[in-house]
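Welcome! Here is a short briefing to read alongside the sequence and the 3D view. Take it one topic at a time and find each residue as you go.

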Amino acid sequence: MRRKTIANLDVIIKNILKKKSTDAFIEESRTTELKKTLSIFDLLILGISAVVGTGIFTIIGSAIAGSSEGLGAGTAIIISMLIAALASLFSALSYSEIAAMIPVAGSAYTYTYATMGEFMAWIVGWILMLEYAIGNITVATAWSGYLANLLKGFKHILPDFIINYPLWLRNDFRSIYALCDKYGFDVHDKMPFIHLPYGLEIPVAINIPAIFIVLLLTILLIKGVKESTRVAGIMVFVNLSIIISFVLVGAHYVKPENWIPFAPNGFEGILAGTFIIFFAYIGFDAISTAAEETKNPQKDLPLAIIGTLIFCTILYISVALVLTGMIPLNGIDTQAPLAHAMRFVGNDWYAGAISTGALCALTSVLLVYQLGTTRIFYAIARDNFLPGNIMAIHKKFKTPHIITWISGAIVIIGSLFMDLNISAELCNYGTFASFIIICIEVLILRKTDPNRHRPFKVPFCPLFPILGIMLCSCFMIYKSFSGGASSLYFILWIIIGLVIYISYGYKNKRKNDI
């Protein structure tokens, strides 16, 4: 009996460590039903639309002014951005090497399967689903906030019930509780409740704008990736025009005294700002998820990843300097910081224009994150860790339509329960974890597969990957000890992933591999 138990344990260990060869991944990608339609320009649009929108229009206000989940960096946010960009650069270089070498769908999940085996691949894939799906909740929530801000500009045209529609129709219930605590409102006046026996109450909050935009983009993604990137391209042009004009116009309102104190919360505030601003940098990871639909992935993926990172970091710093110079730290709005800053200096018309640009930017971000979620789901299902029927390709549009609908439903359900700051920080744990693993995989592949052709190589290896591992690990450890609910939610997410793998994924994999 003991020998049989040991033998079974050996089989289990062998299975969970089983790797899928790089050649097998590449061969699968050649026979995929996904259309190869994306050029270097399309990839840059995907990356810039994700990175610019998330950093400038969603969480820059919280990173500067702080939130219930952490301190703010103040004007020193520019230091936070440089640290985040540096840590991201090491990971971006690692992504570029592996994405060019293994140009298939699935991003870090696929690369982990080729280097660390089945179990770690599942965990990484599960983390990536957190990174994109929860990240999309953050962006959808911000989109709803900017829509409300835009409608305020039509107060003399539209009826009041449209401009000031109830809070419970444009927020999650946690955000409404926070607003009521901040301003001393009675929560029962701002949100309906379902009354249950024994005095129990269930708050009712439905973020209608967030649900609407997610449904709309889900349908667009089903229509096709090329069509989606065309829409994203138009929106990127609009929001870049708005952002650049904000820098030029806002520079006239800058008061240098607003930059003092430069770092009101010291180094701790800078680290807190770095952690939250990292949410913006998962955009370049989204580029690698579309590798299987890229015409020339070996050449175009590295250029798009590094180009996106450099361009967006320069833009971030410019916006941060102008924003913190226009308005005192305690006056920065965490939901719509740029539009609020323009209203603060009396430029209401331009505040409306910024809200329009923000809606375009956040729409393109939602599009990219939703694309990333579906392609990771697709890769995991293709490897038999999830039911195979969900990866069905639409006969007309050649897109994984069932997975796309599932991804949309996850975001819609999550938007009912999670607020912007918690979902952004939870997403960051996934980002740091995937960045660390990618850097480790470069080191592994340099040893286990040294002769494989690498169209792009990380310079100064192993130094750069090791620095990436160290920086990302330090940020995760720092945030875990600084408090907040996000670290506990991340652990809970990992536990759920383990349960799914043990109860279904492992067995289904063995069944389909026979």
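A salt bridge is a side-chain nitrogen of Lys or Arg within 4 Å of a carboxyl oxygen of Asp or Glu. Aspartate 449 and arginine 452 form such a pair, because their closest N and O atoms are 2.6 Å apart. Keep in mind that you are looking at a predicted model. The protein has 514 residues, and 58% of them are buried.

**Overall picture**
- The protein contains 21 helices and 2 strands.
- Of the contacts between residues at least 6 apart in sequence, 81% join residues at least 24 apart.

**Salt bridges**
- The count of salt bridges comes to 3.
- In the pair you have already met, aspartate 449 counts as buried because its relative accessibility is 19%, while arginine 452, at 22%, counts as partly exposed.
- Arginine 446 meets glutamate 97 in a salt bridge of 2.9 Å, N to O. This pair links distant parts of the chain: arginine 446 is in helix 19 and glutamate 97 is in helix 5 (residues 77-101), 349 residues apart.
- Arginine 446 is partly exposed, with a relative accessible area of 26%, whereas glutamate 97 is buried at 1%.
- Arginine 454 also forms a salt bridge with glutamate 97, at 3.1 Å, N to O. Here the partners are 357 residues apart, with arginine 454 in the loop between helix 19 and helix 20.
- Arginine 454 and glutamate 97 are both buried.
- Glu97, Arg446 and Arg454 are therefore linked in a network of salt bridges.

**A buried charge without a salt bridge**
- Glutamate 441 sits in helix 19 (residues 420-448).
- Why does glutamate 441, although buried, have no salt bridge? The nearest side chain of opposite charge, lysine 19, is 10 Å away, and a salt bridge needs the nitrogen and oxygen within 4 Å, so the pair does not qualify.
- The side chain of glutamate 441 does make a polar contact with the side chain of threonine 112, at 2.3 Å.
- Beyond its neighbours up to four places away in sequence, glutamate 441 touches several residues, including Ile98, Ala108, Tyr111 and Met116.

**Cysteines**
- How many disulfides does a search of the whole structure find? The search finds 0.
- Cysteine 439 is in no disulfide, and the nearest cysteine sulfur, that of cysteine 472, is 6.3 Å away. With 0% relative accessibility, cysteine 439 counts as buried.
- Cysteine 474 is in no disulfide either; the nearest cysteine sulfur to it also belongs to cysteine 472, 9.3 Å away.

**Nonpolar cores**
- The largest nonpolar core has 152 residues, and Ile56, Phe57, Phe246, Ile354 and Phe490 touch the most other members. Helix 17 (residues 348-382) gives the most to this core, with 20 residues.
- Isoleucine 354 touches Phe57, Ile242 and Phe246, among others outside its own stretch of sequence.
- A second, separate core has 7 residues, among them Leu167, Ile176, Val187 and Ala205.

**Helix 16 and helix 4**
- Buried residues in helix 16 (residues 337-344) include Pro337, Leu338 and Met342. Glycine 346 follows helix 16 and has a positive phi, near 90°.
- Alanine 65 belongs to helix 4 (residues 60-65) and is partly exposed, at 31% relative accessibility.
- Alanine 65 and threonine 324 are 259 residues apart in sequence, yet their C-alpha atoms are 9.7 Å apart in space.
- Setting aside neighbours within four places in sequence, alanine 65 is in contact with Gly72, Leu329 and Ile332.

Definitions and conventions: Residues numbered from 1 in each chain as written. Predicted model: local features only at pLDDT ≥ 70, side-chain atom pairs only at ≥ 80, totals over all residues. Heavy atoms only, no water. Helix = DSSP H or I, 4+ residues; strand = E, 2+ residues; numbered from the N terminus. Buried < 20%, exposed > 50% of the residue type's maximum accessible area, 1.4 Å probe, protein only. Lys, Arg positive; Asp, Glu negative; His and termini not counted. Polar contact = N/O pair within 3.5 Å; in protein donor to acceptor, adjacent residues only side chain to side chain. Contact = heavy atoms within 4.5 Å. Disulfide = S-S within 2.5 Å. Core = buried A, V, L, I, M, F, W, Y, C linked by side-chain atoms within 4.5 Å.
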